[in-house]
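Work through the exercises below with the sequence and the model in view. Try each task before reading its solution.

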Amino acid sequence: MRQQMFRAQLLAWYDAHARDLPWRESHDPYRVWLSEIMLQQTRVVAVIAHYHEFLRRFPTVDKLARAREASVLAVWSGLGYYRRARMLHAAAKVVRKQGGKFPETAEGLRKLPGVGRYTAAAIASIAFGEAVAVVDGNVERVLQRFSGQQMRGEEFWAAAEALLDRARPGDFNQAMMELGSTVCTPRAPACLTCPVVELCATRGELEGLAKKARQKKREIHYALACREGAVFLVQRAPDARVMAGMWELPEVNGPRRKGTPAFTVRHSITTTNYTVQVWGNGVFEDIPGKMVAAHRLPKLAMTGLTRKILRRAGLMTASSVQGGRRIP
Ligand code: SF4
């Protein structure tokens, strides 16, 4: 009974309050898959602009499969975690080989590169209506607070399966994630506006407020060498652990830094806050790299930090960073 009421109240709330997100306009598996991959570890506002641009460049899974990897990475640029883009491209090729049809079950979807248990369940339930529950960090938090029970690993999946609305699994899964990200938030759950507050075992008092993760601080130095409307960039190694093959400004060590930095930017990656000192013109005959004309920069697969610095230096505009679109 309590579970039935939970489903009914959650879905009624979702029907009335669901955020108007572009990937919710369609149940097309390509769009659902793309949005789920983009949303991994990335904020919704950042995903929206890239989602539109990605679909403009690669409107079908077939177009994506036929694209060069460098083009895919260039459009992905700015979203970070580039392994996702490589896996997306690899999975598109698998789908194309299978006649352009996505597997219609979570089990089948998990065989695609880069598709794990959560993503497979999300696509299967949203695009194909399969009655499988999803569990991500938001869902875990809702389950734990709602039930008042400490859970681990498989216990979350079992609890989510037991609560799932089998008639509307896609909507139910999205509603659970929406509740966790907009109402039952980590630090300050808005229990007064929660659609299931009367059924909730804890009303947010299960655990103390999460302690703010301790952020590390680091200072790094980059050189901005410009000549005749071009800027000097270097390429990361193809087997680098992160951002392999991406272009960036050269890092500079002590002896190359003379005088004072041209400007400073702040940049955060997961648990590290970087203070980035940018040094003015230099000559880099001894570093393998190349001068890139400013008009070619938007098409190049660059690190997010490099884009930020080039934008600050006036070498790229906000609109060129997003391939002609601004984040709304
Ligand atoms: Fe979360 Fe509060 Fe709703 Fe319980 S009542 S599910 S703690 S927002």
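**Exercise 1: Two unusual backbone angles**

Glu-228 is placed in the loop between β2 (226–227) and β3 (230–235); helices (H or I, at least four residues) and strands (E, at least two) are DSSP runs, numbered from the N terminus. This is a predicted model, in which local features need pLDDT of at least 70, side-chain atom pairs count only at pLDDT 80 or more, and totals for chains, interfaces and linings use all residues. Residues are numbered from 1 along each chain as its sequence is written, and side-chain values use heavy atoms, with hydrogens and water left out.

*Task.* Describe the phi angle and the surroundings of Glu-228, then do likewise for Tyr-81.

*Solution.*
Step 1. Start from the general rule: most residues other than glycine have a negative phi.
Step 2. Glu-228 is not a glycine, yet its phi is positive, about 45°.
Step 3. Glu-228 has a relative accessibility of 82%, so it counts as exposed (buried means under 20% relative accessible area, exposed over 50%, partly exposed in between, with a 1.4 Å probe and protein chains only).
Step 4. Tyr-81, also not a glycine, has a positive phi of about 45°.
Step 5. Tyr-81 lies in the loop between α5 (69–76) and α6 (83–97). Its relative accessible area is 39%, so Tyr-81 is partly exposed.

**Exercise 2: The cavity and the ligand**

*Task.* Which residues surround the ligand, and what space does the ligand take?

*Solution.*
Step 1. Look for enclosed space. On a 1 Å grid over the protein atoms alone, a cavity is a set of points where a 1.4 Å probe fits but cannot get out, and a pocket is an open set with protein on both sides within 12 Å along at least five of seven lines; lining residues have an atom within 4 Å of a point.
Step 2. One cavity of 30 Å³ or more is present. The largest cavity holds about 120 Å³ (grid points are joined across faces, edges and corners, and a volume is the space filled by probe spheres set on the points).
Step 3. Its lining has 15 residues, and those closest to its centre are Cys-184, Cys-191, Cys-194, Val-196 and Cys-200.
Step 4. The ligand takes the space of this largest cavity (a molecule sits in a cavity or pocket if more than half of its atoms lie within 2 Å of its grid points).
Step 5. Around the ligand are Arg-145, Val-183, Cys-184, Pro-189, Cys-191, Cys-194, Val-197, Cys-200, Arg-203 and Gly-204 (each with a heavy atom within 4 Å).
Step 6. Cys-194 has a relative accessible area of 16%, so it is buried. Cys-200, at 16% relative accessibility, counts as buried too.
Step 7. Zero disulfides are found in the whole structure (a disulfide is a pair of cysteine sulfur atoms within 2.5 Å).

**Exercise 3: The second largest pocket**

*Task.* Which helix gives the most to the lining of the second largest pocket?

*Solution.*
Step 1. The second largest pocket has a volume of about 660 Å³. Among its 26 lining residues, Glu-36, Leu-39, Tyr-118, Asp-136 and Met-177 are the closest to its centre.
Step 2. At least two lining residues come from each of α2 (29–39), α3, α8 (117–128) and α11 (169–182).
Step 3. α11 gives the most, with five residues.
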